[in-house]
Amino acid sequence: MKCALVRPDGTVHHEERHPTLASRGPEAVTENILQIAAGLAAKARADGLEPVAVGIAVPGVVDEENGVAVWSANVGFRDVPIKQRLEERLGLPAALGHDVRVGGIAEARLGAGRGERHVLFAAIGTGIAAALVINGVGYHGAHGAAGELGHIVVRPGGPECPCGARGCLEAIASARAIGARYAELSGKSDATAFTVVSSINTDKVARLVWHEAIEALADGLITAQALFDVSVLVLGGGLAEAGDTLITPLTREMEKRLTFHRMPRIVTAALGDTAGCKGAALLALDHLEQTK
Ligand SMILES: [Zn+2]
């Protein structure tokens, strides 16, 4: 968990990192969050500051309006009323957001999408998810499940996806899928996406696997562009660390697929792994503004 005391202008006063304790189950994780948040509020007061709101971001399906962590594969949340429990414990107004969506808010307002009104943030790591941010506000959808870019089917009948479908973008172009595909073709069982990226100049198989992933990403992202017509596409997550090795061929493949719609500018994320944390603070401040 990345935690911070954030000022209203988005600058950070203090940062902390803690283990999530996901293996101990959702109740232990929730209690851990409450304790750390209370500790941060106490730290703020000890530094002579006044905490005004608390923002939390979690993965999975998030009901932002009611502040409920509806479902999460890796933490095991099932309808946990995190916002309410935070407000009870801390006595401060709280907001709950989705990790990728708040990361998108932070990138759009403080990071690589700064100054743009229509931003799509795509996090490409172990999984793939996206957040549409319009005028600095994340779009969460009717059920809190908007932005599941990784589960757009780009190869019907293709490889099995953890969601149960076949040929999802995530099953081909996530860091996990890239590592697994390379391992399958090369016989090097400990290969990762990093192995692929770092050997594309010398290894034909790595080049092939990378190209397959880029083509799949271009198919998925051109679909997103047809739907949303953003001016800037911010790429985050572990795979974005490949920089131009990702952006140059991805831009080329997307341009090949364009007909009448317009290309977004493609950039890598600027805030690194603190985007979610800063975005959670922005969400809390927005919530405070709305309830005034
Ligand atoms: Zn899927």
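A residue counts as buried when its relative accessible area is under 20%, as exposed when it is over 50%, and as partly exposed in between. With that scale in hand, a good place to begin in this predicted model is the zinc site. C163 has a relative accessibility of 47% and is therefore partly exposed, whereas C168, at 1%, is buried.

Both cysteines belong to the set of protein donors of the zinc ion, which consists of H151 (ND1), C161 (SG), C163 (SG) and C168 (SG). These donors lie 2.0 to 2.3 Å from the metal. The angles among the four donor atoms run from 104 to 121°, and the site is tetrahedral. Along the sequence, the donor residues follow the spacing H-x9-C-x1-C-x4-C.

Turning to the helices, N32 is found in helix 1, which covers residues 26-46. With a relative accessible area of 12%, N32 falls under the 20% cut-off and so is buried. Its side chain reaches the backbone oxygen of P19 at 3.0 Å. Beyond its neighbours within four places in sequence, N32 touches M1, P19, T20 and L21.

Helix 9 spans residues 275-291, a run of 17 residues. From first C-alpha to last, helix 9 reaches 24 Å, close to the 24 Å expected at 1.5 Å a residue. Its buried residues include A275, C277, K278 and H287, along with the stretch G279, A280, A281, L282, L283, A284 and L285. Among the elements that cover these buried residues are strand 1 (2-6), strand 2 (12-17), strand 3 (54-58) and strand 7 (94-98), together with helix 2 (82-90) and helix 3 (99-109).

Terms used. Residues numbered from 1 in each chain as written. Predicted model: local features only at pLDDT ≥ 70, side-chain atom pairs only at ≥ 80, totals over all residues. Heavy atoms only, no water. Helix = DSSP H or I, 4+ residues; strand = E, 2+ residues; numbered from the N terminus. Buried < 20%, exposed > 50% of the residue type's maximum accessible area, 1.4 Å probe, protein only. Polar contact = N/O pair within 3.5 Å; in protein donor to acceptor, adjacent residues only side chain to side chain. Contact = heavy atoms within 4.5 Å. Expected span 1.5 Å × (residues − 1). Donors = N, O, S within 2.8 Å, 3.2 Å for Na, K, Ca; no water. Tetrahedral: all angles 85-135°; square planar, octahedral: opposite > 155°, others 65-115°.
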